[in-house]
Structures are given as structure tokens and as C-alpha cells.
Amino acid sequence: MVDPLVPFRWLEASPGVGDREDLLGEIFCVSFFRGLEPAEVLRRFGAGRPGREMTFHELRVKVWESAGIGNDYVGVVQVGEWGVAVEPGGFQAVLAEPLTGLSRGCEVAAVGRHDYAADRFVYAVDGKVVTSFTPHLPGTRWGSDPDRINELMRETGLPPEELDEEAWEATWDDMFTNRISRAFSLAAKITGVVFTPSVLDEPLLVGAISQ
């Protein structure tokens, strides 16, 4: 049987691999904005000036050079009808407060990986978080309508039901190991965008994130 998570396995890579499997590393956020062009997505992130076109490598260097001085950067690329925003080392798009402005008048799905804190999946519509959860604990969700995408969650191996202790222990290793791939598979179900490394081959419109 073909593994349906194969297109997303690269997003689980451990830092230091040094090849295409290690493009984003251990802390990043990717968010998908329906119907918004890159310039508008940047504006919503608080970029105070027009964005600059960069390669993903140039964006990573920019993020690395700014580490410790309080500047975060986001790069945005258009994929079909979705503006796809990438925050290397960042996580603004999965935080409830920024999402109010980011999702106003549109639909947003976002996945954040943070190996030293909490991973997060968020689905928001028109300024409200509809449902949000930690990918390896999908039975615990919050938002205005946390059950809205339950069927899509089941299709991607993220059971929305709360498990008893025995079932939780039996599935823990699988849920934790595959949490990021499944979260991106769920985002693809919602958006139709399969986030592969080739997306990052395109030029990105880059701007600083307002803190």
C-alpha cells in the first residue's frame, strides 16, 4: 500500500540532514490564505514596506542574520488561489491573537512545528479560530466550531475522538511520529495545496513581521 503521507515526510526531517529533507528545520510555520495575493498576506503580517522578492535560501539567510535582534521574516508565494506564507523559525500564524487579523474576511489553514514548545494546527475563518489542536493530540481541540473538519481529520489519520488511556498509549508512538505529516495532509485536504519542496523553488515575496 502506498503511504499517503509520503509527500509530507520531508517536513518531519531532523535538523542537520543537510539536503532537501532539511529545508525548514525544527521550528517553522506554514499558512495558507484563500484568495489573498502575496502582497496582501505580507500586509496582514504587518510588513511596513513593500516586500522584496527572494529565493527561499536568501530568506533563510535573512532569518539567520536577524536571530537575537527581534526581527522575524515571512516569505509568501502564490499557489493557485492560495497565498502560502512560510515563517522559518517563526510561528505567528498559529497564534490566536495574530490570526484575528490574518484571517479577517478570508479562510486560513496553518501548521506550526516547534520541537522545543508545542506544534499546532489551526483553521480560521473571518477573524475567528474555528478549530485548533496539537497534531499528536487531535482529540483535544478548541475554537468556535471545533468539530467542523472532523471528517477530514479522520481521513488523514487524526482521530477527533478523545481516547481512553489504553488506546492513547497504544497509538502514541504513531501519532507523535507522524504528527507533522498528518497536519500538512489535513491542510492539503482543506486547501488543495500539497506543500512539497518544489513550492519553495519559486520566488517568494519577503517582508519583516510586525511584533
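Which residue in strand 5 is the bridge partner of Phe-32? In the predicted model, the bridge partner of Phe-32 is Ala-109. The two strands concerned, strand 1 (residues 27–34) and strand 5 (residues 107–114), pair in the antiparallel sense over 7 bridges. In general, the strands of a sheet pair through backbone hydrogen bonds, in either a parallel or an antiparallel manner.

Strands 1 and 5 belong to an open sheet of 9 strands, in which the pairing is antiparallel and the order is 2-9-3-4-1-5-6-7-8. At the edges lie strand 2 (52–54) and strand 8 (141–142), each of which pairs on one side only. Helix 1 (residues 38–45) packs on this sheet and touches strand 1, strand 3 (72–79), strand 4 (82–88) and strand 9 (204–209). The direction of helix 1 makes an angle of about 155° with that of strand 3.

Phe-32 and Ala-109 are also both in contact with Thr-191, as is Trp-82, when the neighbours of Thr-191 within four places in sequence are left aside. Thr-191 is part of helix 6 (residues 179–191). Its relative accessible area is 9%, and Thr-191 is therefore classed as buried, the cut-off being under 20%. Between Thr-191 and Glu-81 the C-alpha to C-alpha distance is 9.0 Å, although the two are 110 residues apart in sequence.

On the surface, Leu-137, Leu-163 and Trp-168 make a nonpolar patch of about 250 Å². Leu-163 is located in the loop between helix 4 (150–155) and helix 5 (165–177). Leu-163 counts as partly exposed because its relative accessibility is 41%, a value between the limits of 20% and 50%.

Notes. Residues are numbered from 1 along each chain as its sequence is written. This is a predicted model: local features need pLDDT of at least 70, side-chain atom pairs count only at pLDDT 80 or more; totals for chains, interfaces and linings use all residues. Side-chain values use heavy atoms; hydrogens and water are left out. Two strands pair if DSSP finds at least two bridges between them. Helices (H or I, at least four residues) and strands (E, at least two) are DSSP runs, numbered from the N terminus. Contact means heavy atoms within 4.5 Å. Axes are lines fitted to C-alpha atoms, for helices over the stretch in contact, and angles run from 0 to 180 degrees between N-to-C directions. Patches are made of residues with over 30% relative accessible area and no salt bridge: like charges are joined within 9 Å, nonpolar side chains (Val, Leu, Ile, Met, Phe, Trp, Tyr) within 5 Å. Accessible areas come from the Shrake-Rupley method with a 1.4 Å probe; for residues, only the protein chains shown count as cover. A salt bridge is a side-chain nitrogen of Lys or Arg within 4 Å of a carboxyl oxygen of Asp or Glu. Buried means under 20% relative accessible area, exposed over 50%, partly exposed in between (1.4 Å probe, protein chains only).
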